[in-house]
Amino acid sequence: LEFDITDFSSIESKYREASNFIKGEFDCLVCNAGISLHETSILDVTKEGLELQLNTNLKGAYLLSQTYLKELNDYTNKSILFISSERGMQCDDVPYGLSKAAINSLTKGISRRFYRKGLRCNAIAPGITASNMTQIDPKEDLYCDRLASGRFFVAEEIAEVAAFLLSDASLCISGEIIACDAGEYISSYI
């Protein structure tokens with residue numbers, strides 16, 4: 001089932017439609033919708049670009065996770081996983097990085113409030129990953145000398161970390177933002 005995460009008025013009905021489709025509750029929610037307009041500084045940001053990125057990257061994920069929490073009958077063995085970004089772990093002045101920093105805070109806040117009730121909440125902060133958003137083809141040469149890793153990452157690498165964080169092997173992990181960028185986030189883009 002597909003829907004536009006920025007169509008806020010339909011989040012609850014789409015969630016219930018998906019729940020009816022599987023005939024039960026979800027064990028996990030993965031919030032991975034995101035966009036970047038690739039501005040270079042605050043001086044390049046438009047009001048429309050700011051709104052679009054905050055609505056997609058933060059407000060949609062916030063309202064979808066809120067719906068998930070409200071609809072669950074029992075939090076035991078449930079998880080929320082946000083896909084953040086290394087940009088959210090750095091200082092930034094553009095909407096993409098700011099929205100991902102807010103997702104990191106939301107991750108910790110939800111974990112703090114719900115872990116004792118049985119729900120875990122974590123985030124993954126990938127480095128530059130070959131995808132439609134980055135316009136990097138995963139089948140092409142992924143070499144990039146300026147990065148700590150020396151290369152771009154592929155989606156399958158991030159998916160392995162997601163599978164771990166959603167599995168019983170990580171029951172003691174909650175409120176964490178796992179950087180998947182070979183330490184690149186330690187530097188700053190500004």
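At 12% relative accessibility, C180 falls under the 20% cut-off and so counts as buried. This comes from a predicted model, so the values here are computed ones. The closest cysteine sulfur to that of C180 belongs to C121 and sits 15 Å away, too far for a bond. C121 itself is buried too, because its relative accessibility is 0%. Its own closest cysteine sulfur is in C31, at 8.4 Å, and that is again too far for a bond. A disulfide calls for sulfur atoms within 2.5 Å, and the count for the structure comes to 0 disulfides.

C121 lies in strand 3, so its surroundings are worth a look. Strand 3 covers residues 119-126, and 8 of its 8 residues are buried, so the strand is largely enclosed by the rest of the structure. In a regular strand, side chains alternate between the two faces of the sheet. Here, L119, C121, A123 and A125 point one way, while R120, N122, I124 and P126 point the other way.

Strand 3 has parallel partners in strand 2 and strand 4. With strand 2 (residues 78-83) it shares 6 bridges, and C121 has I80 standing opposite. Getting from strand 2 to strand 3, the chain passes through helix 3 (residues 95-114), in a β-α-β crossover that is right-handed.

With strand 4 (residues 177-180), strand 3 shares 4 bridges, and A125 is partnered there by A179. Helix 4 (residues 155-165) joins strand 3 and strand 4 in a β-α-β unit, and this unit is left-handed.

Notes
Residues are numbered from 1 along each chain as its sequence is written. This is a predicted model: local features need pLDDT of at least 70, side-chain atom pairs count only at pLDDT 80 or more; totals for chains, interfaces and linings use all residues. Side-chain values use heavy atoms; hydrogens and water are left out. Buried means under 20% relative accessible area, exposed over 50%, partly exposed in between (1.4 Å probe, protein chains only). Helices (H or I, at least four residues) and strands (E, at least two) are DSSP runs, numbered from the N terminus. Two strands pair if DSSP finds at least two bridges between them. A crossover is right-handed if, with the strands pointing away from the viewer, the path from the first strand over the helix to the second runs clockwise.
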